Amino acid sequence: MTEETRVLYNGDCPVCSFEIDRYSAYSGRRGLPIRFDDLNGPRLSDWGLTEDQAARRLYVLHDGEVRSGIDGFIVLWRQMPRTRWLGRIVALPGVRQVASVLYDYAAAPLIYRWHLRRQARA
């Protein structure tokens, strides 16, 4: 791994930040070339996404290519020795499709709606 992997996530989302904080702490302890950008910070403009687009799913930039959703998680998991096995399993044909459907049509929309409700209350 010579090139830095970048992860764009919603730091205001309790679910997102819980998971990404674990990945960030682990990669920091291991000295892994992974940078975590909170969509609520100044680096959002680097991604060419609106805040709303970025809040809808996880984005990962690796080897000059932006991946999102499960494909982004697979890239991220493969960068960390502790989760490399998970990236391999989820990338398997069939498993990837099921995981993508669950993420795209259940998890991501649910987390996004929760995000919108939190914003409306603020």
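Visitor: At what angle do α1 and α5 pack?
Guide: In this predicted model, local features need pLDDT of at least 70 and side-chain atom pairs count only at pLDDT 80 or more, while totals for chains, interfaces and linings use all residues. Residues are numbered from 1 along each chain as its sequence is written, and side-chain values use heavy atoms, with hydrogens and water left out. Helices (DSSP runs of H or I, at least four residues) and strands (E, at least two) are numbered from the N terminus, and axes are lines fitted to C-alpha atoms, for helices over the stretch in contact, with angles from 0 to 180 degrees between N-to-C directions. The axes of α1 and α5 are 9 Å apart, and the packing angle is about 115°.

Visitor: Which residues of α5 make the contact with α1?
Guide: Contact means heavy atoms within 4.5 Å. From α1, the contact takes Pro14, Val15 and Cys16. The α5 side consists of Ile111, Trp114 and Arg118.

Visitor: How do the residues of the contact of α1 with α5 divide into nonpolar, polar and charged?
Guide: Ala, Val, Leu, Ile, Met, Phe, Trp, Tyr, Cys and Pro count as nonpolar, Asp, Glu, Lys and Arg as charged, and the others, Gly among them, as polar. By that scheme the contact of α1 with α5 has five nonpolar, no polar and one charged.

Visitor: Is α3 roughly parallel or oblique to α5?
Guide: The axes of α3 and α5 come within 8 Å and cross at roughly 120°. Angles under 35 degrees count as roughly parallel, over 145 as roughly antiparallel, 65 to 115 as roughly perpendicular and the rest as oblique. The crossing therefore makes the relation of α3 to α5 oblique.

Visitor: Which residues of α5 does α3 meet?
Guide: On the α3 side are Gly69, Ile70, Asp71, Phe73 and Ile74. The residues of this contact divide into five nonpolar, two polar and two charged. Those from α5 are Arg96, Ala99, Ser100 and Tyr103.

Visitor: Is Ser100 buried or exposed?
Guide: Ser100 lies in helix α5 and, leaving aside neighbours within four places in sequence, is in contact with Ile70 and Tyr105. Buried means under 20% relative accessible area, exposed over 50%, and partly exposed in between (1.4 Å probe, protein chains only). Because its relative accessibility is 19%, Ser100 counts as buried.

Visitor: How many residues of α3 are buried?
Guide: The buried residues of α3 are Gly69, Ile70, Gly72, Phe73, Ile74, Val75, Leu76, Trp77 and Gln79. The helix α3 is mostly covered. Out of eleven residues, the number buried is nine.

Visitor: Which element gives the largest share of the largest nonpolar core?
Guide: A nonpolar core is a set of buried Ala, Val, Leu, Ile, Met, Phe, Trp, Tyr and Cys residues joined through side-chain atoms within 4.5 Å. The largest one has 22 residues, of which Val7, Tyr23, Phe36, Leu58, Leu76 and Met80 touch the most other members. Two or more residues come from each of β1 (5–9), α1 (14–30), β2 (34–38), α3 (69–79) and α5 (95–121). The largest share, six residues, comes from α3.

Visitor: How many residues make up the other core?
Guide: This core lies apart from the largest one. Its members include Leu39, Trp47, Ala54 and Tyr59. The count is eight.

Visitor: Which residues is Met80 in contact with?
Guide: Met80 is among the members of the largest core that touch the most others. Leaving aside neighbours within four places in sequence, the contacts of Met80 are Tyr23, Tyr26, Leu32 and Ile34.

Visitor: Is Thr83 buried or exposed?
Guide: Thr83 sits in the loop between α3 and α4 (84–90). Not counting residues up to four places away in sequence, Thr83 touches Tyr23 and Trp77. With 10% relative accessibility, Thr83 counts as buried.

Visitor: Which residue has a positive phi although it is not a glycine?
Guide: Most residues other than glycine have a negative phi, and most peptide bonds are trans. The residue in question is in the loop between β3 (59–62) and β4 (65–68) and is exposed, with a relative accessible area of 54%. With a phi of about 50°, it is Asp63.

Visitor: What radius of gyration does the protein have?
Guide: The radius of gyration is taken over C-alpha atoms, and the globule rule is 2.2 Å times the number of residues to the power 0.38. For 122 residues, a compact globule would be near 14 Å, which agrees with the protein's value of 14 Å.
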